[in-house]
Amino acid sequence: MSARVLAGPPVAAALLADAAARASRLPAQPNLVIVSVGDDPASLSYVRGKSRKAGEVGLRNTVHALAETTTQAELLTLIDTLNRDDDVNGILVQLPLPAQIAEAAVLHAIDPRKDVDGFHPLNVGELWAGRPALTPCTPAGIMFLLEHHGVPVAGARAVIVGRSHLVGRPLAALLLNADATVTVAHSRTRDLGSVTREADILVAAAGTPGLITPDMVKPGATVIDVGINRVLKPDGKGHLVGDVHPDVAGVAGALTPVPGGVGPMTVAQLLANTVRAAELQHAARADLEAAGEFVR
Ligand SMILES: NC(=O)C1=CN([C@@H]2O[C@H](COP(=O)(O)OP(=O)(O)OC[C@H]3O[C@@H](n4cnc5c(N)ncnc54)[C@H](OP(=O)(O)O)[C@@H]3O)[C@@H](O)[C@H]2O)C=CC1
Ligand SMILES: Nc1nc(=O)c2c([nH]1)NC[C@@H]1CN(c3ccc(C(=O)N[C@@H](CCC(=O)O)C(=O)O)cc3)C=[N+]21
């Protein structure tokens, strides 16, 4: 028996169609600004992918590709300008940032209402309080994928391998909010296999190719492979592989491929978050105008 393949692109298309329809009901097309710093080819390629997809669904978008030597002060000045611009609905600063820039300072500076990554502490706090507003793209995309494929989450045992602010932690909050029993494992976890074997839903987000082997998976489990690792195969070409060993397909009940699994969901969710941010901003402005009339 081979695991059911949970393909990302068709589900991403459904999410994008909904986002595009909602965008068309707004007074102006939502506007996303993506900021990248430095010339890491992988980062620049993700940024181009996000921008291309935004264009495809009709969202306005701008990419600011800043030099590797950009200072923290320069980046904060740009963010301040974008925060003040009412025509900008979403701001994404691509991670990681070069060493001279403190990530936390930058993530704190983004207006939480424009924080389409959901990384601002206000949005992180709301997420853990069970009142999510703008939620991180990869975790939110994974939840949409599970729901779309009818994978039961409430009551399920979920194990996440990885505790980053980008993936592991926010996904733990979303799964908990959806009534799963959640365990978060990491590099200091003792006997990882004994933990992962408990999982009905196993999420691998470690960045280690082949980390999850068949003996670590409960037969029939749903396995979500978040890992994106570029490896050189014997044919001498670079390939994209996940954190899940290919043989896991013989044990799992369902499995997301890499590429073509979680990655496209991340991009679709970013654009859905941009539309959501624009909706919230327009609603807030309409409320203010209504209050203004009342005052006059
Ligand atoms: N598909 C997509 O859309 C996305 C994919 N990614 C990919 O997902 C992967 C994870 O990304 P990210 O969360 O940013 O990575 P980080 O490097 O920030 O975090 C990795 C986490 O995995 C843990 N870990 C690493 N190795 C092991 C191991 N051998 N056993 C157990 N735990 C381990 C680390 O533990 P510790 O905390 O103890 O160091 C850490 O918590 C990467 O491959 C990345 O490219 C990321 C974002 C989006
Ligand atoms: N502020 C910020 N927000 C992020 O969401 C963010 C980030 N920084 N830094 C880097 C990670 C990584 N990430 C991916 C997005 C899309 C694919 C994706 O589309 N992957 C395709 C393959 C793409 C390819 O072929 O290279 C797939 O899996 O099918 C992968 C990874 C978002 N991240």
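# A tour from Pro259 to the sheet

Start by selecting Pro259, which sits in the loop between S11 and H9. Helices and strands here are DSSP runs, numbered from the N terminus (helices are H or I with at least four residues, strands are E with at least two). The peptide bond that joins Val258 to Pro259 is cis, with omega about -5°.

The model is predicted, so local features need pLDDT of at least 70 and side-chain atom pairs count only at pLDDT 80 or more, while totals for chains, interfaces and linings use all residues. Residues are numbered from 1 along each chain as its sequence is written, and chains are lettered from A and ligands numbered from 1 in the order in which they are written.

**Ligand 2**

Now select ligand 2. Around ligand 2 there are 19 residues, and Pro259 is one of the closest, together with Leu95, Gly260, Gly263 and Thr266. A residue counts as near a molecule or strand if its C-beta atom, placed from the backbone, lies within 6 Å of it. Two or more residues of this shell come from each of helix H2 (41-56), strand S4 (90-93), helix H6 (137-148) and helix H9 (262-295). H9 gives the largest share, four residues. By class the shell has 11 nonpolar, seven polar and one charged residues. Here Ala, Val, Leu, Ile, Met, Phe, Trp, Tyr, Cys and Pro count as nonpolar, Asp, Glu, Lys and Arg as charged, and the others, Gly among them, as polar.

Go next to Leu95, also among the closest residues to ligand 2. The bond from Leu95 to Pro96 is a cis peptide, with omega near 0°. Pro96 belongs to the loop between S4 and helix H4 (103-109).

Why does ligand 2 lie between domain 1 and domain 2? Colour residues 29-111 as domain 1 and 137-262 as domain 2: both domains give residues to the shell around ligand 2, so ligand 2 lies between them. The domain bounds come from an automatic or database domain assignment. Taken over C-alpha atoms, the domain centres are 28 Å apart.

**Ligand 1**

Thr266 leads on to ligand 1, since Thr266 is among the nearest of the 26 residues around that ligand, with Gly162, Ser164, Ser187 and Gly207. H9 again gives the largest share of the shell, here three residues. The shell around ligand 1 has 11 nonpolar, 13 polar and two charged residues.

**The sheet**

Show the strands in the order S1-S11-S8-S7-S5-S6: they form an open sheet of six strands with parallel pairing. Strands pair if DSSP finds at least two bridges between them. At the edges are strand S1 (4-5) and strand S6 (181-185), each pairing on one side only. S1 runs parallel to strand S11 (residues 254-255), with two bridges between them; Val5 is opposite Leu255 in S11.

Move to S7. Four bridges link S7 to S5 in the parallel sense, and Ile160 faces Val203 in S7. Strand S8 (residues 222-225) is also parallel to S7, again with four bridges, and Leu202 has Val223 as its bridge partner in S8.

How are the faces of S7 covered? Ile201 and Val203 on one side, and Leu202 and Ala204 on the other, are all buried. In a regular strand, side chains alternate between the two faces of the sheet. A residue is buried with 20 or more other C-beta atoms within 10 Å of its own, exposed with 12 or fewer and partly exposed in between, with C-beta atoms placed from the backbone.

**Helix H7 and two exposed loop residues**

Add helix H7 (residues 168-177), which lies across strand S5 (157-161), S6 and strand S7 (201-204) and runs at about 170° to S6. The angle is between N-to-C directions, from 0 to 180 degrees, of axes fitted to C-alpha atoms, for helices over the stretch in contact. Within H7, pick Leu175, which is buried with 26 other C-beta atoms within 10 Å. Beyond neighbours within four places in sequence, Leu175 contacts Val153, Ala158, Ala180 and Val182 (contact means C-beta atoms, placed from the backbone, within 7 Å). Ala158 is 17 residues from Leu175 in sequence and 7.6 Å away in space, C-alpha to C-alpha.

In the loop between H7 and S6, select Asp179. Asp179 is not a glycine, yet has a positive phi of about 75°. Asp179 counts as exposed because 12 C-beta neighbours lie inside 10 Å.

The last stop is Asp191, in the loop between S6 and helix H8 (192-196). Phi of Asp191 is also positive, near 50°, and Asp191 counts as exposed, with 9 C-beta neighbours inside 10 Å.
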